[in-house]
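Reader: I would like to learn how to read a structure like this one, feature by feature. Please take the general idea before the case.

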Amino acid sequence: MIETTPRHRLYIQVCEHVKPGVQSCGAVGAPLREQLKARVAALGLAKEIRVMKSGCFGVCEEGPNVFLFPHGVWFHHVGVQDLEDILQRARSLAGV
Ligand code: FES
């Protein structure tokens, strides 16, 4: 085992888990992640901020859910209208 530190300053984790028959993030989470990833790339921040999909966080009823790691900031009920605010918060936390 090798203990190390994260390669990126911040990770935007977007839940894409699908729970058939009950509320879950998946159907909305995937396009949200794609849009966030495209914005991060367009801003030239891909080496500092990594956008990634996540499995279920266990708070499905609050979804779609986005989590900023390692800063511990949650966003619930996320829609496309929130992506720029999330990105601004991420940039502030990451210092970029
Ligand atoms: S499906 Fe997203 S938190 Fe459970």
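Reader: Which residue is the bridge partner of Tyr-11 in β2?

Author: Strands of a sheet pair through backbone hydrogen bonds, either parallel or antiparallel. In this predicted model, Tyr-11 has Arg-50 as its bridge partner in β2. Further along, Val-14 stands opposite Lys-53 of β2.

Reader: How many bridges join β1 to β2, and are the two strands parallel or antiparallel?

Author: β1 and β2 run parallel and are joined by six bridges. Between them the chain passes through α1, and this β-α-β crossover is right-handed.

Reader: Which way does β1 run relative to β3, parallel or antiparallel?

Author: β1 and β3, the strand of residues 66-69, run antiparallel, with four bridges joining them. One residue to look at is Ile-12, whose bridge partner in β3 is Leu-68.

Reader: In what order do the four strands stand in the sheet?

Author: The sheet is open, its order is β2-β1-β3-β4, and the pairing is mixed. β2 and β4 are the edge strands; each has a single partner strand, so one side of each has no neighbour in the sheet. From one strand to the next, the twist averages 20°.

Reader: Which strands does α2 touch?

Author: α2 packs on the sheet and touches β1, β2, β3 and β4. The direction of α2 makes about 150° with that of β1.

Reader: What pattern does the protein chain follow along the sequence?

Author: Read in that way, the pattern is β-α-β-β-β-α, which comprises two helices and four strands. The radius of gyration is 13 Å, close to the 12 Å that the globule rule gives for 96 residues, so the protein chain is as compact as a globular protein of that length. The C-alpha trace spans about 40 × 40 × 20 Å along its principal axes.

Reader: What share of the contacts with a separation of 6 or more comes from residues 24 or more positions apart?

Author: Such residues account for 63% of those contacts in the protein chain. A separate figure concerns burial: 22% of the 96 residues are buried.

Reader: Which residues touch the most other members of the largest nonpolar core?

Author: A general point helps with the strands here. In a regular strand the side chains alternate between the two faces of the sheet. As for the core, it has 14 residues, and those touching the most other members are Ile-12, Val-14, Leu-36, Val-40, Ile-49 and Val-51. At least two residues of this core come from each of β1 (10-15), α1 (26-42) and β2 (49-54). β1 gives the most, with four residues.

Reader: With which residues is Val-51 in contact, leaving aside its neighbours within four places in sequence?

Author: With those neighbours set aside, the contacts of Val-51 are Ile-12, Val-14, Arg-33, Leu-36, Lys-37 and Val-40.

Reader: What should I look for in the backbone itself?

Author: Most residues other than glycine have a negative phi, and most peptide bonds are trans. Exceptions are worth finding in the view. The peptide bond from Gly-63 to Pro-64 is cis, with omega near 0°, and Pro-64 sits in the loop between β2 and β3. The bond from Phe-69 to Pro-70 is also cis, with omega near 10°. Pro-70 belongs to the loop between β3 and β4 (73-75).

Reader: What is the phi of His-77, and where does His-77 lie?

Author: His-77 is not a glycine, yet its phi is positive, about 55°. The loop between β4 and α2 (83-94) holds this residue.

Reader: Is His-77 buried or exposed?

Author: A residue counts as exposed if 12 or fewer other C-beta atoms lie within 10 Å of its own. His-77 has 10 other C-beta atoms within 10 Å, so it is exposed.

Reader: Is Ile-2 buried or exposed?

Author: Ile-2 has 3 other C-beta atoms within 10 Å and is therefore exposed. Ile-2 is placed in the segment before β1. Measuring from C-alpha to C-alpha, Ile-2 and Gly-44 are 30 Å apart in space, and they are 42 residues apart in sequence.

How values were computed. Residues numbered from 1 in each chain as written. Predicted model: local features only at pLDDT ≥ 70, side-chain atom pairs only at ≥ 80, totals over all residues. Core = buried A, V, L, I, M, F, W, Y, C linked by C-beta atoms within 7 Å. Buried ≥ 20, exposed ≤ 12 C-beta atoms within 10 Å, placed from the backbone. Contact = placed C-beta atoms within 7 Å. Pairing = 2+ DSSP bridges. Right-handed = clockwise from strand over helix to strand, strands pointing away. Rg over C-alpha atoms; globule rule 2.2 N^0.38 Å. Axes fitted to C-alpha atoms, helices over the stretch in contact; angles between N-to-C directions.
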